[in-house]
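Here are a few exercises to work through with the model open beside you. Try each task before you read its solution.

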Amino acid sequence: MIAHRAPIGDMSRRWGEIRTMMLGLEGLNAVVTGGASGIGRACVDGLRAAGARVAVLDRDVARLASFEADADVLALACDVCDEAAVARAIETVEADLGPIG
């Protein structure tokens, strides 16, 4: 039997603090492909929680719009099957955020 349970919100905050300490990504830049939804979106959220600035590449322009209010996320429409489009996106990321990594 559990004598005391922390509120879910409190546990989420604590887990976010633990991830930040473990990952230590403050000030780093990351790129997530397919980051507008699903597992990619979860990766974006985790990287952001750990302090990274994130560039999100995705074909779904409508879902990319959900990042408009986040100054630390650069959302770019890009089909990763198009090699030239990926090269342009990486140039944009490095121009706007700085080097990746």
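**Exercise 1. Find what Asp58 is in contact with, beyond its neighbours within four places in sequence.**

Step 1: Contact means heavy atoms within 4.5 Å. Leaving those neighbours aside, Asp58 touches Gly34, Gly35, Ala36, Ser37, Leu64, Leu76, Ala77 and Cys78.

Step 2: A quick word on the source: this is a predicted model, where local features need pLDDT of at least 70, side-chain atom pairs count only at pLDDT 80 or more, and totals for chains, interfaces and linings use all residues. Residues are numbered from 1 along each chain as its sequence is written, and side-chain values use heavy atoms, with hydrogens and water left out.

Step 3: Now look for polar partners. The side chain of Asp58 reaches the backbone nitrogen of Ala36 at 3.1 Å, and a polar atom of that side chain lies 3.4 Å from the backbone nitrogen of Gly35.

**Exercise 2. Work out which side chain of opposite charge is nearest to Asp58, and how far away.**

Step 1: Asp58 is buried (under 20% relative accessible area, with exposed over 50% and partly exposed in between, 1.4 Å probe, protein chains only).

Step 2: The nearest candidate is Arg59, 5.7 Å away, and Asp58 has no salt bridge. A salt bridge needs a side-chain nitrogen of Lys or Arg within 4 Å of a carboxyl oxygen of Asp or Glu.

**Exercise 3. Place Asp58 in the sheet.**

Step 1: Asp58 lies in strand S2 (strands are DSSP runs of E, at least two residues; helices are runs of H or I, at least four).

Step 2: The open sheet has 3 strands in the order S1-S2-S3, with parallel pairing (pairing takes at least two DSSP bridges). S1 (29–33) and S3 (73–77) are at the edges with a single partner strand each, so one side of each has no neighbour in the sheet.

Step 3: S1 and S2 (residues 53–58) pair over 5 bridges, and Ala30 stands opposite Val54 in S2.

**Exercise 4. Track down salt bridges elsewhere in the structure.**

Step 1: The whole structure has 4 salt bridges. One of them joins Arg41 and Asp45, with the closest N and O atoms 3.4 Å apart; both residues lie in helix H2, 4 residues apart, about one turn of the helix.

Step 2: Asp72 and Arg48 also meet in a salt bridge (3.4 Å, N to O). Asp72 sits in the loop between helix H3 (61–64) and S3, and Arg48 in helix H2, so the pair ties together parts 24 residues apart in sequence.

Methods. Lys, Arg positive; Asp, Glu negative; His and termini not counted. Polar contact = N/O pair within 3.5 Å; in protein donor to acceptor, adjacent residues only side chain to side chain.
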